[in-house]
Amino acid sequence: MSHTEHAAPVTESQRMQTLDVVRGFALLGILVPNIVAFAWPSSAMAFPEEMNGGGAWNEAGHAITGVFTLGKMMALFSMLFGAGVVIYGRKFDDDGNGNRPPLRRGALLWYRRIAWLLVIGLGHAVFLWFGDILVWYAMAALLAVWWVRRIDARWQIGIGLGLHLVSTVILLGFSALGVWAVGAGHAGEDELMGNTALELSAYTGGYLDTFKARIPSLLMFWFLLGPMFTPGITGLMMMGMGLLRLGILSGERPTRFYAVMTILGLVGGLGLTLTLMLGIGEVWPDWAGFIWQSCSQFVGIPISLGYMGLLIWLVRLGVARPLTGALAAVGRMALSNYLLQTILCTTFFYGYGLGYFATIDYPGLFAVIAGVWAVNIVFSKAWLSAFRFGPAEWLWRSLTYWELQPMRR
């Protein structure tokens with residue numbers, strides 16, 4: 001019998017609670033920066049004045065999002081994905097006698113798993129929402145991620161940080177070049193941030209209108225930004241591998257370690273973030289929000305680690321259990337909840353649904369976020385009371401192992 005026939009999904013008792021809690025937090029948190037991309041034309045993600053002329057609430061909403069969530073949640077997700085590679089690979093890394101089989105063992109099943117993730121991501125991006133992240137994760141995972149999971153953990157973190165820095169510098173340079181091109185009259189603002197009039201017409205229209213407007217955006221993201229963006233995601237995944245193997249993500253370090261990690265990450269990261277934001281505002285006063293999109297993730301890594309430390313600290317102390325329990329349930333169904341967020345938000349905002357596109361600004365957007373969070377949490381708790389996997393997780397596992405997985409508890 002082949003190794004793929006012996007392999008099976010991780011059971012509930014084998015799950016790491018810390019990973020589920022952090023993943024649930026990242027899943028809920030990522031809706032905060034994403035909500036503007038659902039609710040307004042692309043330019044509003046960088047320029048609050050594009051939302052009903054701006055105003056104090058929209059300025060504050062953008063500032064809160066930029067400081068505390070933009071890039072931070074995606075960084076957490078990417079690190080968790082890398083940690084998942086290590087956990088998944090352990091099924092093939094030891095023959096039971098302490099001997100390591102060749103690296104290629106398990107690779108076929110891994111690549112089949114990621115190929116199906118790519119299919120799910122393509123369907124999500126093409127038919128539902130242009131802001132999909134699954135295609136990016138699949139592309140990064142199809143490259144070197146599987147083959148670097150065994151190198152020294154500290155090297156994984158160092159190389160990963162370097163890759164992410166290089167990707168950030170390239171993206172920042174590309175953004176700065178675009179700003180210069182607009183200022184010099186060589187390009188129009190629409191070429192950088194999207195055609196606002198076209199998006200307003202499309203996303204307040206029917207489904208076919210949204211579909212036709214989405215395809216050009218996706219082609220630009222995949223083929224123009226993809227080569228610059230993918231190395232950064234790969235680097236974050238490698239960092240997640242190292243953090244898990246060093247016992248940090250798995251909650252194996254002393255409780256005091258996570259207290260220090262929380263304080264240094266949040267306080268130091270907040271100081272670094274505010275300093276860089278103010279500096280960008282000085283250099284590019286008219287384009288600060290646009291430039292910040294390119295570097296917020298790398299600059300926000302300390303805050304991401306601070307969030308990670310805080311959540312694991314809470315788990316270790318055994319406090320706030322209703323909160324960590326809810327986050328863990330959402331995290332166990334992260335794929336289902338990610339897709340559910342898209343379905344809820346596109347139905348609420350787009351013209352073929354309730355039609356609230358380009359009508360709700362802050363603080364109303366925070367109320368929408370809270371409503372979606374409530375659905376995610378209630379849905380996750382109710383579903384997992386009866387079933388082992390979320391519906392999308394069950395489908396993904398069944399396709400990976402080419403066998404229907406047992407669904408009911």
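## A helical chain and its unusual corners

Let's start at Pro363, which sits in the loop between helix 16 and helix 17 (364–384). Helices here are DSSP runs of H or I with at least four residues, strands are E runs of at least two, and both are numbered from the N terminus. The peptide bond leading from Tyr362 to Pro363 is cis, with omega near 5 degrees.

A word about what you are looking at: this is a predicted model, in which local features need pLDDT of at least 70 and side-chain atom pairs count only at pLDDT 80 or more, while totals for chains, interfaces and linings use all residues. Residues are numbered from 1 along each chain as its sequence is written, and side-chain values use heavy atoms, leaving out hydrogens and water.

**Backbone angles.** Most residues other than glycine have a negative phi, and most peptide bonds are trans. The table lists residues with a positive phi.

| Residue | Phi | Place |
|---|---|---|
| Asn52 | about 50 degrees | loop between helix 3 (31–39) and helix 4 (56–68) |
| Ala358 | near 60 degrees | loop between helix 16 and helix 17 |
| Trp402 | about 55 degrees | just after helix 18 |

Ala358 has a relative accessibility of 18%, so it counts as buried. The cut-offs, with a 1.4 Å probe and protein chains only, are under 20% relative accessible area for buried, over 50% for exposed, and in between for partly exposed.

**The whole chain.** How many helices and strands are there in the protein chain? There are 18 helices and 0 strands. The C-alpha trace spans about 65 × 45 × 40 Å along its principal axes. Its radius of gyration is 21 Å, which agrees with the value near 22 Å for a compact globule of 409 residues. That radius is taken over C-alpha atoms, and the globule rule is 2.2 Å times the number of residues to the power 0.38. Buried residues make up 51% of the 409. Of the contacts (heavy atoms within 4.5 Å) between residues at least 6 apart in sequence, 80% join residues at least 24 apart.

**Helix 18.** Because 8 of its 11 residues are buried, helix 18 (residues 391–401) is largely enclosed by the rest of the structure. Among these buried residues are Glu393, Trp396, Arg397 and Tyr401. What do they pack against? The buried residues of helix 18 meet helix 5 (72–89), helix 6 (107–127), helix 15 (321–332) and helix 16 (334–349).

**A charged pair.** Side chains of opposite charge can pair when their charged atoms come close. The count of salt bridges comes to 1, where a side-chain nitrogen of Lys or Arg must be within 4 Å of a carboxyl oxygen of Asp or Glu. Arg23 forms a salt bridge with Asp20, with the closest N and O atoms 3.1 Å apart. The two belong to helix 2 (residues 17–29) and are 3 residues apart, about one turn of the helix. Both Arg23 and Asp20 are buried.

**Two more stops.** Is Asp286 buried or exposed? Asp286 is exposed, at 62% relative accessible area, and lies in the loop between helix 12 (255–283) and helix 13 (288–299). Although Asp286 and Phe47 are 239 residues apart in sequence, their C-alpha atoms are 9.2 Å apart in space. Pro302, in helix 14 (residues 301–317), is partly exposed at 24%. Beyond neighbours within four places in sequence, Pro302 is in contact with Gly265, Leu266, Gly269 and Leu272.
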